[in-house]
Amino acid sequence: MLKIGIIGTGFLGKAVAKRLLGTGHKVIVYNRTRDKTESLKNLGAIVADTPKDLAQGCDLVITIVKDSDAVESVSFDKNGIIDGKHEGLTVADMSTINPISSKKIAKKFLENGISMIDTPVMGGPNLAEKGELVVMIGGKKEIYEKYKQVFDHIGNKTFYLGENGSGHAMKLAMNLQISMLALALSEGITLTKRSGLDPKLFLDILNSTYFKTGMSVLKGPKMINGNFEPSFTLKMMKKDLDTINTTAKELGTSLPMATLANKIYQNAIDNGLGELDYTGILAFIERISKL
Ligand SMILES: NC(=O)c1ccc[n+]([C@@H]2O[C@H](COP(=O)([O-])OP(=O)(O)OC[C@H]3O[C@@H](n4cnc5c(N)ncnc54)[C@H](OP(=O)(O)O)[C@@H]3O)[C@@H](O)[C@H]2O)c1
């Protein structure tokens, strides 16, 4: 039995913790806003007061927080993970963050005798609860292999990619796809409606071709029904576009579509749509099209 800590019990963290609670491992959780740990406590999780307390009682700590500032804060601020260090402690960062920041964080952990790998995922809370995430791993292979059973339980596919930061680098390239697909669907739906056609037919036709995607099949019907109940918020998608663009700049590359998408998602947030699901970008495209 392993002692596994989850820091960050938002949409994704809560679902991962639920999944791990079903494995017989001891699960300890921490969230900055304590209320969000209540349902996990009722399912048998132990709630820690600080990341330090959590780390002291764990073999493996999984961080699932907003961005690199949040990862640094739970790791290195007073009563952070680093203050709970002990022999064998490993940190796996499942947040989506800048790979360059991730490397720096891993280095600082290592200087303090703590191993770190990056383990970002594709798939949302629903897939996490079913153990069907896709996990991308960066960092020392032997550290990943030590905890492979945990990642195999959360995901149905894991890809080992190489040194620290490579999991995050790949994850950013994945989220670039997500942001673009949501935009392409939104503009297709809008154009169809403007042409006086039923957007359901747009989806039926698209989904009859090899251009269909999981998003057009699963999220498309919800989008045309105006159901933007969040599992991954639009403001979080924009956070990832910021990270994608910053990383591209740091790597000396230019991503014109990602730059444009960043502006569009920002405009949607400025229109008060940030708390919707990221597919709520449709609501913004419809608003500016006066539909
Ligand atoms: N949801 C998904 O489908 C999905 C899929 C793949 C990857 N991700 C990634 O997973 C991470 C979490 O996403 P989510 O959807 O679960 O978001 P969320 O529901 O908004 O949760 C964000 C979490 O980060 C914590 N947090 C934010 N700023 C913090 C800070 N400065 N210090 C400490 N904790 C902080 C929040 O704590 P409070 O509750 O106190 O605010 C909360 O636990 C993100 O990096 C996201 O990109 C999400």
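Two strands are taken to pair if DSSP finds at least two bridges between them, and in this predicted model the strands β4 and β5 (residues 90–93) are paired in the parallel sense over four bridges. Within this pairing, Leu60 of β4 stands opposite Thr90 in β5. Between the two strands the chain passes from β4 through helix α4 (residues 68–76) to β5, in a β-α-β crossover that is right-handed. The side chains of β4 (residues 60–63) alternate in direction, with Leu60 and Ile62 pointing one way and Val61 and Thr63 the other way, and all of these residues are buried.

On another side of the pairing scheme, β4 is joined to strand β1 (residues 3–7), again in the parallel sense and over four bridges, with Ile7 placed opposite Thr63 in β4. Strand β1 is also joined to β2, with which it runs parallel, by five bridges; here Gly5 has Ile28 as its bridge partner in β2. The connection from β1 to β2 is made through α1, and this β-α-β crossover is right-handed. Strand β2 (residues 26–30) is mostly covered, since four of its five residues are buried. A further parallel pairing, of two bridges, links β2 to strand β3 (residues 46–47), and in this pairing Ile28 stands opposite Ile46 in β3. Ile28 is thus named both as the bridge partner of Gly5 and as the residue opposite Ile46.

The pairing continues from β5 to β6, where the two strands run in the parallel sense over four bridges and Val91 stands opposite Met116 in β6. The chain reaches β6 from β5 through helix α5 (residues 99–111), and this β-α-β crossover is right-handed. As in β4, the residues of β6 (residues 115–118) point in two directions, Ser115 and Ile117 one way and Met116 and Asp118 the other way, and all are buried.

The chain is divided into domain 1 (3–162) and domain 2 (169–288), and the C-alpha centres of domain 1 and domain 2 lie 28 Å apart. The contact between them takes 15 residues from domain 1 and 13 residues from domain 2. On the side of domain 1 that touches domain 2, the elements that contribute two or more residues are α5 and α6 (125–130), and by class this side consists of nine nonpolar, four polar and two charged residues. Helix α5 therefore has two roles in this description, as the helix of the crossover from β5 to β6 and as a contributor to the side of domain 1 that touches domain 2, where it gives two or more residues.

The ligand is surrounded by 26 residues, of which the closest are Gly10, Arg32, Thr33, Ala70 and Gly124. The elements that give two or more residues to this shell are α1 (11–21), α4 and α12 (234–250), and α4 gives the most, with four residues. By class, the shell around the ligand holds 10 nonpolar, 11 polar and five charged residues, and at least three of its residues are drawn from each of domain 1 and domain 2. Two of the helices that contribute to the shell, α1 and α4, also serve as crossover helices, α1 between β1 and β2 and α4 between β4 and β5.

The loop between α4 and β5 includes Lys85 and Asn79. Lys85 has 17 other C-beta atoms within 10 Å and is therefore partly exposed, as the count falls between the 12 or fewer of an exposed residue and the 20 or more of a buried one. When neighbours within four places in sequence are left aside, Lys85 is in contact with Ala55, Asn112, Gly113 and Ile114; among these, Asn112 is 27 residues away in sequence and 8.0 Å away in space, C-alpha to C-alpha. Asn79 is also partly exposed, with 15 other C-beta atoms within 10 Å.

Most residues other than glycine have a negative phi. Against this background, phi of Asn79 is near 65 degrees, a positive value in a residue other than glycine. A positive value is likewise found for Lys290, whose phi is near 55 degrees. Lys290 lies in the segment after α14 (281–288) and, because only 6 C-beta neighbours are counted inside 10 Å, this residue is classed as exposed.

How values were computed. Residues numbered from 1 in each chain as written. Predicted model: local features only at pLDDT ≥ 70, side-chain atom pairs only at ≥ 80, totals over all residues. Right-handed = clockwise from strand over helix to strand, strands pointing away. Near = placed C-beta within 6 Å. Nonpolar A, V, L, I, M, F, W, Y, C, P; charged D, E, K, R; others polar. Domains from an automatic or database assignment. Contact = placed C-beta atoms within 7 Å.
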